[in-house]
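Here are some notes on the enclosed spaces inside this model, written for someone meeting such spaces early in their studies. Please read them with the structure open beside you.

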Amino acid sequence: MIKIAFALPFLALFVHTLSFSNCDPKTDKPIVRQSQKFAEVLRTESLETLQSIFDADAYLLPEYHQTLHGLDTLSDYYAVFFNKAETVSYAKVPFEIQQIGELYLELGTFEHRYKTPKGNLFDYNGKYMTYWKQPKGGSPKILAHIWGASSYFEADDVNFVNVEGDDPKFFVPSTVWERQIDEVRRYVYEAVLRGDAKKQLETYADDAIYMTYYDAPFKGKEAISKYYYAHYDPGASRDSLMTRAVNVVELGDYALKFGEYYVEWTQENKPYYIQGKGLTLYRRRTDGRVEIYRQMINHSMPPTLKKE
């Protein structure tokens, strides 16, 4: 079993429920109702219900899988999952819903118990981030959905679905928001490459929420700080790093980035690599500074030993 040396789990408490924040009673009920329809999809294996709650242009970011784009591709993913696995139970609990520009953001936790293709019973518990669109005169639709486990697990328990996604186009920042986001990306790039937790933490808002692989959500900069100072292992060297945006959705004082990363590192004289992806919501403050407000990332593949 291979684990990332500089991403050891920290604060392993799984958060089942948190109080709602920034919720509008007039707007959160439709989101909660649709959110529970998504839970129904997993419990009943209904592709028809699935197609009724995802936008035609939706993005799906499964753990240990590449990003999938478009309703047809998403439907293929779940069709394979339903065919190979058998869901015993599924439940999801939102802990935050708020309107962000023209979208609605939902954060929550889930518990998914299913039988894998090998017949093993697997408890897949974790957290998720969902962005919803509200069509005029219609029900909310999922524009982007990402999830990840709250503790380490073996990739074989989830990566039995093999559905090809599109290769993202080369992204060149052109708008003010895109250039500002790229400035933050380059700043974080240097911090990650050097293992500089203090520098990386400068990019987060005081009220940020960070959801990373193999852990429960970290709410607030103090909790995020504890994670990052435990995150970088001095015994592991980061040999190569790639980070990039593949799409940006501008939402007034906020902007949503779809991103990808690739890391190579050496642990105990052995070279490893990993690929991953994530959704990052940036906020522009009144003083013009851009900061990370909500962020979730996951691995697109398990940590892998490089062949000589």
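1. The lining of the second largest cavity in this predicted model is made up, by class, of 12 nonpolar, 2 polar and 1 charged residues. These belong to a lining of 15 residues, and those that lie nearest the centre of this cavity are L42, Y78, H112, Y124 and W147.

2. The space in the second largest cavity comes to about 200 Å³. Two helices, α1 (25–44) and α3 (71–84), each supply at least two residues of its lining, and so do the strands β4 (103–115), β5 (121–133) and β6 (141–149).

3. How many cavities of 30 Å³ or more does the count give? The count comes to 2, and the largest cavity holds about 520 Å³ of space.

4. Turning to the largest cavity, one finds 34 residues in its lining, with V188, V192, T243, Y261 and I297 lying nearest its centre. Sorted by class, this lining has 20 nonpolar, 9 polar and 5 charged residues.

5. Which element gives the largest share of the lining of the largest cavity? That element is β11, which contributes 6 residues. At least two lining residues each are supplied by the helices α4 (176–194) and α6 (221–231), and likewise by the strands β7 (204–211), β9 (236–251), β10 (254–267), β11 (270–284) and β12 (290–299).

Methods. Residues are numbered from 1 along each chain as its sequence is written. This is a predicted model: local features need pLDDT of at least 70, side-chain atom pairs count only at pLDDT 80 or more; totals for chains, interfaces and linings use all residues. Side-chain values use heavy atoms; hydrogens and water are left out. On a 1 Å grid over the protein atoms alone, a cavity is a set of points where a 1.4 Å probe fits but cannot get out, and a pocket is an open set with protein on both sides within 12 Å along at least five of seven lines; lining residues have an atom within 4 Å of a point. Grid points are joined across faces, edges and corners, and a volume is the space filled by probe spheres set on the points. Helices (H or I, at least four residues) and strands (E, at least two) are DSSP runs, numbered from the N terminus. Ala, Val, Leu, Ile, Met, Phe, Trp, Tyr, Cys and Pro count as nonpolar, Asp, Glu, Lys and Arg as charged, and the others, Gly among them, as polar.
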